[in-house]
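The exercises below are meant to be worked with the sequence and the coordinates open side by side. Try each task before reading its solution.

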Amino acid sequence: MKTTLKDIATYAGVSKSSVSLYLNNHPLSANMAKATKRRIQEAVDKFAYRPSFAARALANSRTYCLGYICGDIKSPFSAAQADALMKAAGRCGYRLQIMLTEWDYEKELECLDKLLDSSVDGIAFYNRGIEPHVQCCERIRENNLPVVMLANKLDDISSVTAGLQVGYEAALKKLLVTGHKNIVMLHDPDCGIKYQAYSAACNRLGISAKEINYRDPYYVGVKPLVALGVDIARSDYPDALVIAADFDAAFVMKGLRKGGLRIPEDISIVGTDGGDWGESLDVALSTVCIDQEQRAKAVVEEIIRLIETKDSQARQIVLPTKFINRDSIKKQQKA
């Protein structure tokens, strides 16, 4: 026999309304005693209770489903981001429906319309370009959607972004103090957000922002990154590279070694994203870290705020990044 809300309430010794407040993560549940929450959770665990999404939607005029529009979930960074969002949504009683654009601007509008048709309650939107598709923004405004951007900042649409400049400044300071003078950033110019932050960090530290461009491996595979590493190794190479993604850095490093360079003895490397897997490379990768769990939690909480607070103002939330120093930066030479 299926467990009901009444069964949970009876076992926990509370009212059905208290159980409902707790399960729906209602703002009023914040006032609930910890002991009461614990008893309800114990009852939920004992009976393996799962609330009916259909019943909750009918009672609350919600679907309890959030949409997530992103380019792909192939790279370690993209997969980790989707995983973190799914878990953050689940902790708040929501499901997550993922729509992939394959980094095609035309598909962004198509994905948005499909999510509107499926009546999601809110949307997390990851667009890595400098400006999101204009039609998408207009569609969001027209429908007054609870939408949170993960990469772009627009005055009238909420966003949760990474404060990359702080992390890049810390990485550059480490490189400078260890004697590096010729520092270059490798990035895809079609995704200018990271280079903008890097350039601003260079400006604050009074050094010139140098760059080498490449095409994102999503479009062309990883062989060109290996070839780029070989080309750099066989040229008048810089003494440090800052690379726009840890995943990309791994293949550039492969090419550098293929070209005869040692890391970090000959050239130092700093990645971006902060994935734990970078620590398991042959040379543990130093990186500017974006806390995926922190960002996912902030995104979901902001979407729920927009859902529950009518006519709420958009907010631009910038989360700090940090520099993680591992083994891919040459140690400071002793005088």
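The model used here is predicted, and residues are numbered from 1 along the chain.

**Exercise 1. The largest pocket**

Task: Establish which helix supplies the largest share of the lining of the largest pocket, and how the lining residues divide by type.

Solution:
- Begin with the volume, which is about 800 Å³ for the largest pocket.
- Next, turn to the lining, which is made up of 40 residues, with Ser75, Pro76, Phe77, Ser78 and Asp273 lying nearest the centre of the pocket.
- Then assign lining residues to helices: α5 (76–91), α10 (217–220), α12 (246–258) and α13 (292–308) each supply at least two of them, and the largest share, nine residues, comes from α5.
- Finally, sort the lining by residue type, which gives 18 nonpolar, six polar and 16 charged residues.

**Exercise 2. Two helices that supply lining residues**

Task: Describe how α5 and α13 pack, and decide whether they are oblique or roughly parallel to each other.

Solution:
- The axes of α5 and α13 lie 8 Å apart, and the two helices pack at an angle of about 45°.
- Angles under 35 degrees count as roughly parallel and those from 65 to 115 as roughly perpendicular, so α5 and α13 are oblique to each other.
- The handedness of the crossing of α5 and α13 is right-handed.
- On the α5 side the contact is made by Phe77, Ala80, Gln81, Ala84, Leu85, Ala88 and Ala89, and these meet Gln292, Glu293, Arg295, Ala296, Lys297, Val299 and Val300 of α13.
- Divided by type, the residues of this contact are nine nonpolar, two polar and three charged.

**Exercise 3. Helices α11 and α12**

Task: Find how far apart the axes of α11 and α12 come, and which residues make the contact.

Solution:
- Helix α11 covers residues 223–233, and its axis comes within 6 Å of that of α12, the two crossing at roughly 45°.
- This angle makes α11 and α12 oblique to each other, and the crossing is right-handed.
- From α11, the contact draws on Leu225, Val226, Gly229, Val230, Ile232 and Ala233, while α12 brings Asp248, Phe251, Val252, Lys254, Gly255, Leu256 and Lys258.
- Sorting the residues of this contact gives eight nonpolar, two polar and three charged.

**Exercise 4. Helices α1 and α3**

Task: Work out the packing of α1 and α3 and the residue types in their contact.

Solution:
- Helix α1 (residues 5–12) packs against helix α3 (residues 34–47) at an angle of about 125°, with the axes 9 Å apart.
- Since only angles over 145 degrees count as roughly antiparallel, α1 and α3 are oblique to each other, and their crossing is right-handed.
- Asp7, Ile8, Tyr11 and Ala12 of α1 make the contact with Arg39, Ile40, Ala43, Val44, Lys46 and Phe47 of α3.
- The contact of α1 with α3 holds seven nonpolar residues, no polar ones and three charged ones.

**Exercise 5. Two backbone features**

Task: Determine where glutamate 102 lies, and whether the peptide bond from isoleucine 263 to proline 264 is cis or trans.

Solution:
- As background, most residues other than glycine have a negative phi, and most peptide bonds are trans.
- Glutamate 102 has a positive phi of about 55° although it is not a glycine, and this glutamate sits in the loop between β2 (95–100) and α6 (105–117).
- The bond from isoleucine 263 to proline 264 is cis, with omega near 5°, and proline 264 belongs to the loop between α12 and β9 (268–273).

Note on methods
This is a predicted model: local features need pLDDT of at least 70, side-chain atom pairs count only at pLDDT 80 or more; totals for chains, interfaces and linings use all residues. Side-chain values use heavy atoms; hydrogens and water are left out. On a 1 Å grid over the protein atoms alone, a cavity is a set of points where a 1.4 Å probe fits but cannot get out, and a pocket is an open set with protein on both sides within 12 Å along at least five of seven lines; lining residues have an atom within 4 Å of a point. Grid points are joined across faces, edges and corners, and a volume is the space filled by probe spheres set on the points. Helices (H or I, at least four residues) and strands (E, at least two) are DSSP runs, numbered from the N terminus. Ala, Val, Leu, Ile, Met, Phe, Trp, Tyr, Cys and Pro count as nonpolar, Asp, Glu, Lys and Arg as charged, and the others, Gly among them, as polar. Axes are lines fitted to C-alpha atoms, for helices over the stretch in contact, and angles run from 0 to 180 degrees between N-to-C directions. A crossing is left-handed if the near helix is turned anticlockwise from the far one by less than a right angle, and right-handed if clockwise. Contact means heavy atoms within 4.5 Å.
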